[in-house]
Amino acid sequence: MTLNRKTFWLTVLLSCLLVCRPCVIARAEPTSPVPSEDDFLLNTMWDSYRNLSKRKEPKIGLVLGGGGARGLAHIGVLKVLEEEDIPIHMIAGASVGALIGALYAAGVSTSEMEEMSQDMRWGSLTNYSRFSMMRLMLTEQPLSTRNMELYLQKHINDKRFDELKIPFACVATDLQTGERVVFREGSVALAARASATIPGLFEPVVFRHRYLVDGGLVSNIPTDLVALMGADTIIAVDVTSDLTRFEPTNIIATLNQAISIQSESKSHEELVHADFVIRPSLREITAMDLARSAECIDAGSLATRQAVPGIKRLLVDKNLDAILRYPRVSHEKA
């Protein structure tokens, strides 16, 4: 009886030891002093990347695509890139990407652009109104984007390309020849206006005997421009829509759908040359929904925050030799 009792308690003790052993082993394992070792390593390498001398600093080109009101997401993209200290050395854009790119390259802050977007309507950028639309229907006289040029001149002090803080280029389409027209000199406001003029709805912008309209027709995400400007790494922002989500129920929607179809295939070809693509989730927001600017900006911010680790990893990987070879030098001393 005594032996059975001893055997019983010995069995219980062994069972407890076996059950508790994993816990003991788990507690004995060393713990990392940082929440994520991968994040810690990336941040350390990123600090080294940002401290490369300006002579060795790689050049990053940002390409802002067309998409009408959906392109207000570019503001959110720029805002997060700034917050994450990802430098932008040159910008290229088409259509709305040209408008946002022009403002930013001229030195308008993202917070200013956010405020501007709250009051931005087609009536402030064009002579769009019920009366002008009625006139368009009856007389076939297109609307004008002259107000868009004046709006830009007001906010960028009518700068020329050589006066911009960040090198910038944009594209328009020659309505007579179908050629792509690249702007790198002259009036920034006029160039951006030409790049964002919807054909059929608005009259072409006359420039040097050319009739210019929306650059998205022939080059909606002009990645090759920043490459020609000297970019080592190309980040593109794609705000094109899923064509199947929208029904062209009126003249404006039909024109926008036609432009989207025209630019879609070209966009795919251009994105192949990008090192990283940011695609904000804009769902059912249409190209004409300027009133939904806050949603667009938030979508751009969210997509960019999710993309930041990948962008930093890409930049570190592409420039690892420079990071390891050259000593850290602060930008102030460079």
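Analyst: A salt bridge here is a side-chain nitrogen of Lys or Arg within 4 Å of a carboxyl oxygen of Asp or Glu. The model is a predicted one, in which local features need pLDDT of at least 70 and side-chain atom pairs count only at pLDDT 80 or more, while totals for chains, interfaces and linings use all residues. Residues are numbered from 1 along each chain as its sequence is written, and side-chain values use heavy atoms, with hydrogens and water left out.

User: What makes R193 and E149 a salt bridge?

Analyst: The closest N and O atoms of R193 and E149 are 2.7 Å apart, which is within the 4 Å limit, so the pair qualifies. R193 lies in helix α9 (residues 188–195) and E149 in helix α8 (residues 146–156), so parts 44 residues apart in sequence are tied together; helices are DSSP runs of H or I with at least four residues, strands are E runs of at least two, and both are numbered from the N terminus. Both R193 and E149 are buried, meaning under 20% relative accessible area, where exposed is over 50% and partly exposed lies in between (1.4 Å probe, protein chains only).

User: Why is K79 called partly exposed, and how do you know that K79 forms a salt bridge with E114?

Analyst: K79 has a relative accessible area of 26%, and E114 has one of 22%; values between 20% and 50% count as partly exposed, so both residues take that label. The closest N and O atoms of K79 and E114 are 3.3 Å apart, a distance that again satisfies the 4 Å criterion. This pair links distant parts of the chain, with K79 in helix α3 (residues 73–83) and E114 in helix α5 (residues 110–119), 35 residues apart.

User: How many salt bridges does a search of the whole structure find?

Analyst: The search finds 16 salt bridges, and a network of them links E284, D289, R292 and E295.

User: How do you know that the span of helix α12 agrees with its number of residues?

Analyst: The expected span is 1.5 Å times one less than the number of residues; for the 26 residues of α12 (residues 293–318) this gives 38 Å, and the end C-alpha atoms are 35 Å apart, which agrees.

User: Where does α12 bend?

Analyst: α12 bends by about 45° at A307, with a proline, P309, following within four residues. That bend is the angle between axes fitted to the seven residues ending there and the seven starting there.
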